[in-house]
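Q: I would like to go through this protein step by step. Could we look at the structure together?

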Amino acid sequence: MRTRSSDKKTKPVSHDPTYDEQKRLILSELEEAISLEDDTFIRSLYHHVALESTIDAFLKKSRFYSLAQRRWKLPGSCTKLLDNDLCTPFVKVFASIMRHFWSESSAQGTREVVDTHATGLLHCEPNASSHSSSPSLAFRAEGPSFQLPPANPGETPTKVGYSNITSCIEIQVDGNELSVADQLVRVTIYARQIFIHQPNRQFVRVLVISESHIRLFHFDRSGVQYTPLLNFHEDPHTFVRLVLGLSSPDELDIGLDASIQWTIEGGRKVGGTIRTRGAGLQDIIYPLAQIEPFFFRGSISGRSTTCWKVRDSETNEELLVKDMWRSEDRISEHTFLQDAIGLPGVVQMVNCEPDRCETKSLRGFGGDPPAKFRNRIESRIVIKTYGKSVDRYTSAKQLFCALRDAIAGHLELFKKGTLHRDVSPFNVLFGNPGAEPGFRGILIDFDIAIRRIWNKPADGKIGTRLYQSLAVLSSCTVPDPFPYDHLDDLESFLYIVVQIMFTQDSNGVAHSGSEMISQWEKASHNCRTAAALKGAYLASEFLPREVEQHWPSPCVDLILTFTTFIHSNVKQKLKLSQLSPRARNDKDQVFAANAIQHYAHILQLFDTAIEALDKPDTWRAPETDVPCPGSLSSGSDGWRNIND
């Protein structure tokens, strides 16, 4: 096996004006495409769907295959059909196979091969609903995981779309075929849309076929692998099995997770359930509170986190089911959540299935997988639900109480040896209405958490860039990055405060954008620049006066003292990070030794601010005098000295 990213032969791929945008959306999925060197994988698939002898009997009597010529009834060359009817001969062959083998099965009437080369199958994108693409053929399906495709307003709904196909086929013409690299782009566009429209997908397989050869593309959460060309005239048994497997009535065959099922009425999903395992390995079935997942990443490879709202059938309590695919070298999130059971300020787990499926089991590796293959393991956890993310606050006190309790929860997990590594406003939620102190803010999402004792180096590729600490951002520029520690997570809490206070007022209303935050966002793809910008903020000792105009003085005091505390520790860490681990001589241990005092200091800052917010008569009026001397690189106008 080998990794291939391009092919010598290149041709124009599409006249669709949105094609370049579609290609941009999927390029990251192709970074580790694996080109299989032999046909072991494609020949190994779907042997259970039809016996060899049954396929022999079909081939003997089929009008669409000649045993004497060892050839399917297809044109020897489709060149002359390019502008005419390229798809019909293939439709007839596929249909004959499906009609014979599915005649007495549950697939009868629920699976059909259809010509889609002139049908625009609508895409689902956050900001590009007008995108569509047109595979040559598709296997249209009915069943508990499929529904009729949506239509744009004023348009007649189509009968086939990415929401109701098991797979699709791209027809190429021998001698005029696209390069492998361009085929890969095209089928990845199709596969990604199937994953998006069918959120219970574990894998997708797409076939590329010409007059004489087939190539199979297999997509899962580890990326994509594809086979060499196979002459399907000379190997009709493999071809028949592929047609049957890709159109199978068994949802496991076509890559669907059958533990998620919907009730279909009038071709549309109207209800559904999720099945999971309880602590005693008994099945627990939760009714869906919402038909579609309320969070879905929309990518093929990676963690591909999908979150579903469900209800407990006995208590009617709303819960959240979270499915994700972790890298094999990472601990399952449920391990950290087990440590958190009973702790205030941290998400509470109800039950879990830590090892549901592995991508290596989907790929048919006979021996060791390719060196660049990264196995991923699916887990499912059921957790309690909470309020909105903290950036949706309506008062300064509500915001600071939530952050304070989340930091306190972080402290309790620190004591148990856990570091979060992705503190952001999206991972700090408000507690439920009327929550008591300690539960007013909830820290969630431990996908990439680690154990403190691992001493893992800071890594700029991990976390949410806008909230990463200076040490994490600087890890790309030093040979021996400092081990990730609690101060990195606490610094991320600071940047939540900074981002919110620089862009919104104390009631949660956005005001004119902050140039500093805008610069941080623009530098999101450059660790070095992002580090320089955050370093400038920490070292500036200045605060924009407009922040003081929009926030009560206790909030201003909090951000100033919080910044000063973080800066004093960051300076020490950055100085040590320039040394080799041996030269540091265990000086880095001082940070861990003082961790409890660090948390206590920050919690006291929040407690002081929260108490002062209840005493508006003690607030200072915003300053309106001449700005203090000093500056950032952009000038000092409108900045207040932190030490004022």
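Q: Which residue stands opposite E378 in β21?
A: The residue opposite E378 is C357. Please keep in mind that this is a predicted model.

Q: How many bridges join β20 to β21, and which way do these strands run?
A: There are six bridges between β20 and β21, and the two strands run antiparallel.

Q: What is the strand order of the open sheet?
A: The open sheet has five strands in the order β17-β18-β19-β21-β20, and their pairing is antiparallel. Its edge strands are β17 (295–296) and β20 (349–358), each of which pairs on one side only.

Q: And what holds the strands of a sheet together in general?
A: Strands of a sheet pair through backbone hydrogen bonds, in either a parallel or an antiparallel manner.

Q: Let us turn to empty space. How many cavities of 30 Å³ or more are there?
A: The count is six cavities of 30 Å³ or more. The largest has a volume of about 100 Å³.

Q: Which residues are closest to the centre of the largest cavity?
A: Its lining consists of 15 residues, and those closest to the centre are P199, R201, D323, W325 and E378. Thus E378, the residue that stands opposite C357, appears here again.

Q: Which elements give two or more residues to that lining?
A: They are β18 (306–311), β19 (318–327) and β21 (376–384). The largest share, three residues, comes from β19. These three strands also belong to the open sheet described above.

Q: How do the lining residues of the largest cavity divide by class?
A: Five are nonpolar, four are polar and six are charged.

Q: What about the second largest cavity: how much space lies in it?
A: The second largest cavity holds about 70 Å³ of space. Residues from several stretches of the chain line it, including R421, D422, I462, Y467, Y484 and S492. By class, its lining has five nonpolar, five polar and two charged residues.

Q: Changing topic, which residues of helix α11 are buried?
A: In α11 (residues 515–522), the buried residues are M516, I517 and W520. Viewed down the helix axis, these buried residues fall within an arc of 95°, so they line one face of α11.

Q: Which residues are exposed on the other side of α11?
A: E515 and K522 are exposed there.

Q: What does S514 do at the start of the helix?
A: A side-chain oxygen of S514 reaches to within 3.3 Å of the backbone nitrogen of M516.

Q: Now for strand β10: how many of its residues are buried?
A: Six of the six residues of β10 (residues 204–209) are buried. Both faces of the strand are covered, with V204, V206 and V208 on one side and R205, L207 and I209 on the other.

Q: Which strand is joined to β10, and how do the two run?
A: Strand β9 (residues 165–171) is joined to β10 by three bridges, and the two run parallel. Within this pair, I169 has L207 as its bridge partner in β10.

Q: One last residue: where does E292 lie?
A: E292 lies in the loop between β16 (283–287) and β17.

Q: Why does E292 count as partly exposed?
A: Its relative accessibility is 30%, and partly exposed covers the range between under 20%, which is buried, and over 50%, which is exposed.

Q: How far apart are the C-alpha atoms of E292 and G271?
A: They are separated by 9.6 Å, and the two residues are 21 residues apart along the chain.

Notes:
Residues are numbered from 1 along each chain as its sequence is written. This is a predicted model: local features need pLDDT of at least 70, side-chain atom pairs count only at pLDDT 80 or more; totals for chains, interfaces and linings use all residues. Side-chain values use heavy atoms; hydrogens and water are left out. On a 1 Å grid over the protein atoms alone, a cavity is a set of points where a 1.4 Å probe fits but cannot get out, and a pocket is an open set with protein on both sides within 12 Å along at least five of seven lines; lining residues have an atom within 4 Å of a point. Grid points are joined across faces, edges and corners, and a volume is the space filled by probe spheres set on the points. Helices (H or I, at least four residues) and strands (E, at least two) are DSSP runs, numbered from the N terminus. Ala, Val, Leu, Ile, Met, Phe, Trp, Tyr, Cys and Pro count as nonpolar, Asp, Glu, Lys and Arg as charged, and the others, Gly among them, as polar. Buried means under 20% relative accessible area, exposed over 50%, partly exposed in between (1.4 Å probe, protein chains only). The arc is that of the directions from the helix axis to the C-beta atoms. A polar contact is a pair of N or O atoms within 3.5 Å; within protein, one must be able to donate a hydrogen and the other to accept it, and residues adjacent in sequence count only if both atoms are side-chain atoms. Two strands pair if DSSP finds at least two bridges between them.
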